[in-house]
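Could you walk me through this model in the viewer, one selection at a time? I would like to know what to pick next and what I will find there.

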Amino acid sequence: MKALIFGLTAISLVALAPGLSYSADCTTKVGAVLPTSVDWGRPIAATARMAVDLYNKAGGVKGCKVELILRDTQVDPKVGVDAAKALVDLDKVPVLIGAVSSGVSMPILTSVSVPSNVMQISCCSSSTVFTGLAKDGKTKGLWFRTFTTSRNHAAVAAKIIKAKGYNNLVIFYKNDDWGQDIGKLVKADLEALGVTVKASIAINDGQPSYRAEVVEALKSNPEAAYVALYPKEGIATMREWISLGGTQNLVVANSLRSEEFRDSVGIKYLGKMVGHDSAAPRTASAASFTALYKEAFKKEPSGPGLPNIFDAVMIALLAMEVSPTLSGDVIARSVSKVTDPNGTPIFPDEAGIKQASALLAQGKTIRYQGGTGAVTFDQYGDVSAPGLSWNFSEKGIVELDYITSEDINEFINSLKK
Amino acid sequence: MIQNLFDGILVGSILSLGAIGLTMVMHMLRFANFSHAELLSLGAYVTFVFDKLLESMVPALSQTIGGLSLTFSLIFAIILSMGVTGVSAIIIDWLVFRRIRDSAGPLSMVFASFGVALIVRNLISLIFGLKPKLYSEEITFAVRVSLDPLILIKLDQVFVLCMALVIMLIFHFVLSRTTFGYALKAVSENPTLSQINGVRLALMIRLIWLIGGGLAAVAGVFYGLNNQVSFLMGKDLVLSLFAAVIVGGIGSIYGAVVGGFLVGLASNMALLILPSGYKPAVPFLIILIILSIRPTGLFGEKK
Amino acid sequence: MIGIVSYLVFFLTMGFVLSIAVLGLNLQWGYTGLFNGGVAAFFGAGAYGVILFGGSNKAGQLIGFGLPYPFAVAGAVLLAGLLAWIVGLITTHLRHDYLAIATFGVAIAVENFARNAEPITGGAKGLRGFERPFETVINDPFWFNLAYLIFVFVVLIIVYNILENIGQSPFGRLLRAIREDEVAAQSLGKSPARVRLQAFIFGSMIMGLSGALYATFYAFISPQDIVPILTFQIWSMLIVGGSGNNKGAVFGTLIVWAGWVGSGWVLTQFAPVEMQLYIGTIQFIMIGLIIVLTLLIRPKGLLPEKLIISRSVARVKPE
């Protein structure tokens, strides 16, 4: 049945293909600096590519085919910065997509994007340093990220943990800027709610064994565990945790929303697990990022940052569409026309992109609703979004409860008291 | 505490196996081989391939042994992989190191080996992809030996530890009882003199690569059983292996074994004294202390 | 055209900044035979130093003195020197691989400290809050980058000349004597231990200077900048260039750095679209091949050491 649907969509796509409006002789370049040589980086790059292909299928930017030039950062700041500079100077891209790690995105922003007047949009850089830089007026409005602030994620996590009725738990966090940040926020939120955090354990990348960390956590005999790790370390740590008899009352971050994690740890141990993520608003539209992704890759989106990079690319391309000229600052200013809360809601499948182009051409604004939801940037380029909880099923990933932005904000405010 | 001790010994036994080959090469060929850890990951992946091949050819082999997650096909695969990895080590030496050995200083060899490591690591990822693999997706549960103090032991762990000890013991007898062992000793003490006495140096070098590669393959598989098989294995393990060799004293095989255990213990005991964020630094700080007392490692010869 | 010039300015700036670190390493390894495996630690001390001393005080941050730029750089270099002095006292009596792994441990510890000690180093999210000197005065990105390139180049020339002079001075001969035969040097009444420590500290301070210029250029530093791969990069540059030869050190840096990043550019230009996701991996293989092939063709590096006994001898020698 599934194959039949795929087959039909494939046929209909082929049938639609001759109707494409772009002429092959004009191209618009967009640069991407992503860690394609890292396990969690390559799917992000593949998703960026998928977004560009989809956009091209719908006619391209201003009728021109979009060419995505992809460079590897090696998660090495100086290599990423050099790649970004080459894209800007040699390939003349007006928009940079990337990077993933904050430690790479930041020097690109300060030494390439801002000086060269290039818009930079990242899927996953979560560091609070960016907000600080924007507040100081140093980003010149050129910086955006589709990563919902860790503040929101942490609140959703704490809400879920509280609702589950756990009285105490341990936290495992990835020892990088994202992990340190969310680990600290969740801990603070839980303590405000009266949940005891028995231990907060940093998990460093690439350790020969994680048993010492797991044993350390087991010692406090916690009722539950909160896990903010990436798949590779997450799988290693959780296999160890479960085999040593750790509790299966798990709450995990969106970074582990991946079939790889489910299959490698085993669904039979993840029955009591709940995850948190940011969500698309519940609208009438049946289309979803997951459906688009499945169509392109024939599997569920798996791993951190995939809906985020999809949105980053789409928003950048739509902003280029509406922008009067293709210069960085003008495109950056045009983003607000794409993410206008009062605009027409648009989901960026092929029809949606075509509709968006038409509306924008008439001088109307749209409200972009993509993989991570209705993205609205604040003045510092940050987004907040509704949240949801999810868990694994045999077939895929099931979304459970939906938590509105209002609920999250109310919750955050209640914690401050 | 006791738990950390036991876990440290397990990780240590894997490091020891890898370190034996490394210390032999460092001593005989006088250079720090940064590509040695890639032999662990090569061995682990080759085993993975043979394991899947054998399972599909002879389904009966996919039966697990006792309470272990180990299958018969995996054991055969390890043996095959030892040979393949050893031969690969010889080929790498023949392609690269042999050509630089005679004409330049040890540092040229070191950084040629760094280049080789980059090539091998990324070729592996090109073939097998970036995502880690598992020999078996089943999780075997630990046995609770005691509740207070909490002691949990996995059968796999005990098996890996025993196997590592058996391999080391066999190796010990080879070194101390056979002509090959004597020849090896002679070569490492004085290559020129040993040649006069009829030891064929070129053959010895090949044998050293073969043994080093074989042991590395076993260590890689044991690491994979305990953790995951990933193309980054070499990168993650290379420094721990060097640390084991250095702390034991370059050239001392027994030193490498002790060094491996020491590094394993240090990283597992680390959390008793420092927050887990500082764990990567602890083994090295312990090495720093040991070296400031014994500058050529625990069993190293003073020159 | 202006794009190419602009990129070259940028490329050379990073190339020259790294060259300075490679020169510092050349003093330690090429001249003195000290196998320093902790380049990233001293580079990092300089990089963090310049932002800690020169940056403004931020909320939640214990340090940030807001010193004028020259003082911040001086502070950064001294911080690297101080670290080298402490590390050197413990480690410089070690030999070769033992020294390498001991200093390597120091680099891991420094990176770990930077990652975890949030109140001082900003933790994993990094540290910013630093005005690039003259940026507001010049106020044009291209000219600023060009001015910074010239500044870095001048610093490089100064460091290069100092090292060349050391190399040809009696002190330089002493360093080489210790490298070749420590016992012989000792029998001549020299103190190898003290000289080794001096060379270690001075070389590390040069690496600190390089780190300071690096962090100035980005106005930002994070633990990601000082992970072990940096040490390997700096070392490959020296070995490929030719250790013991300062020209070789600079030349090797530019070659290796061009290969490191240039391979990525070449691949994106010529590889088919379907290959794009694998370019990063292929780039690493190319980098490995560049290093291995250079060493296969020229095992002693591109510009091997030329032994100059002394300036006066060179002068009498008939040309």
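## Stop 1: a serine in a loop

Select Ser126(A) and show what surrounds it: leaving aside residues up to four places away in sequence, Ser126(A) touches Ser102(A), Arg145(A), Phe147(A), Ser150(A), Asp177(A), Trp178(A) and Asp181(A). Please keep in mind throughout that this is a predicted model. Ser126(A) sits in the loop that runs between strand E4 (119–122) and helix H5 (129–135) of chain A. Is Ser126(A) buried or exposed? With a relative accessible area of 6%, Ser126(A) is buried.

## Stop 2: a valine in strand E10

Next, pick Val274(A), which belongs to strand E10 (residues 274–278) of chain A. Its relative accessible area is 6%, so Val274(A) counts as buried. Turn on the contacts beyond four places in sequence, and you will find Val274(A) touching Ile160(A), Lys164(A), Leu250(A), Val251(A), Val252(A), Ser389(A), Trp390(A) and Leu400(A). Try a distance label to one of these partners: the C-alpha atoms of Val274(A) and Lys164(A) are 9.4 Å apart in space, while the two residues are 110 apart in sequence.

## Stop 3: salt bridges within chain A

Now colour the charged side chains. How many salt bridges does the structure hold over all chains? There are 31.

Begin with Asp205(A) and Lys174(A), a salt bridge whose closest N and O atoms are 2.9 Å apart. Asp205(A) is in the loop between strand E7 (196–203) and helix H8 (211–219) of chain A, and Lys174(A) is in strand E6 (residues 168–174) of chain A, so this pair ties together parts that are 31 residues apart in sequence. The two ends are covered to differing degrees: Asp205(A) is partly exposed at a relative accessible area of 44%, whereas Lys174(A) is buried at 5%.

Move on to Glu399(A) and Arg257(A), which form a salt bridge with their closest N and O atoms 2.8 Å apart. Here distant parts of the chain are linked, 142 residues apart: Glu399(A) comes from strand E15 (residues 397–403) of chain A, and Arg257(A) from the loop between strand E9 (250–252) and helix H10 (259–265) of chain A. Glu399(A) has 38% relative accessibility and counts as partly exposed, while Arg257(A), at 15%, counts as buried.

## Stop 4: across to chain B

Show chains A and B together and select Glu240(A) and Lys154(B), a salt bridge with the closest N and O atoms 3.5 Å apart. This pair crosses between chains, reaching from helix H9 (residues 231–243) of chain A, where Glu240(A) lies, to Lys154(B) in the loop between strand E2 (151–153) and helix H5 (155–177) of chain B. Both Glu240(A) and Lys154(B) are buried.

Stay with H9(A) for a moment. Of its 13 residues, 13 are buried. The ends of H9(A) are 18 Å apart, C-alpha to C-alpha, which agrees with the 18 Å that its 13 residues should span at 1.5 Å a residue. Just past H9(A), click Gly245(A), where phi is positive at about 85 degrees.

Then select H5(B). Its 23 residues should span 33 Å at 1.5 Å a residue, and the 32 Å between its end C-alpha atoms agrees with that. Which residues of H5(B) are buried? Among them are Val160(B), Leu161(B), Ala164(B), Ile167(B), Met168(B) and Phe171(B). The buried residues of H5(B) pack against H8 of chain A, and also against helix H1 (2–28), E2, helix H6 (179–189), helix H8 (201–226) and helix H10 (253–273) of chain B.

## Stop 5: a three-stranded sheet

Return to chain A and display the open sheet with the order E11-E12-E13, whose pairing is mixed. Strand E11 (344–346) and strand E13 (373–374) are at the edges with a single partner strand each, so one side of each has no neighbour in the sheet. Strand E12 (residues 366–370) of chain A runs antiparallel to E13(A), and two bridges join them. Look across that pairing from Gln369(A), and Ala374(A) in E13(A) stands opposite. Helix H14 (residues 350–361) of chain A packs on this sheet, touching E11 and E12 of chain A, and its direction makes about 150 degrees with that of E11(A).

## Last stop: confidence in chain C

Finally, colour chain C by pLDDT: the average is 87, and 93% of the residues score at least 70. Zoom in on residues 314–319 of chain C, where the pLDDT is below 50 and the stretch has zero contacts in the model beyond near neighbours in sequence.

Definitions and conventions:
Residues are numbered from 1 along each chain as its sequence is written. Chains are lettered from A and ligands numbered from 1 in the order in which they are written. This is a predicted model: local features need pLDDT of at least 70, side-chain atom pairs count only at pLDDT 80 or more; totals for chains, interfaces and linings use all residues. Side-chain values use heavy atoms; hydrogens and water are left out. A salt bridge is a side-chain nitrogen of Lys or Arg within 4 Å of a carboxyl oxygen of Asp or Glu. Helices (H or I, at least four residues) and strands (E, at least two) are DSSP runs, numbered from the N terminus. Buried means under 20% relative accessible area, exposed over 50%, partly exposed in between (1.4 Å probe, protein chains only). pLDDT is the predictor's confidence in each residue, from 0 to 100. Contact means heavy atoms within 4.5 Å. The expected span of a helix is 1.5 Å times one less than its number of residues. Two strands pair if DSSP finds at least two bridges between them. Axes are lines fitted to C-alpha atoms, for helices over the stretch in contact, and angles run from 0 to 180 degrees between N-to-C directions.
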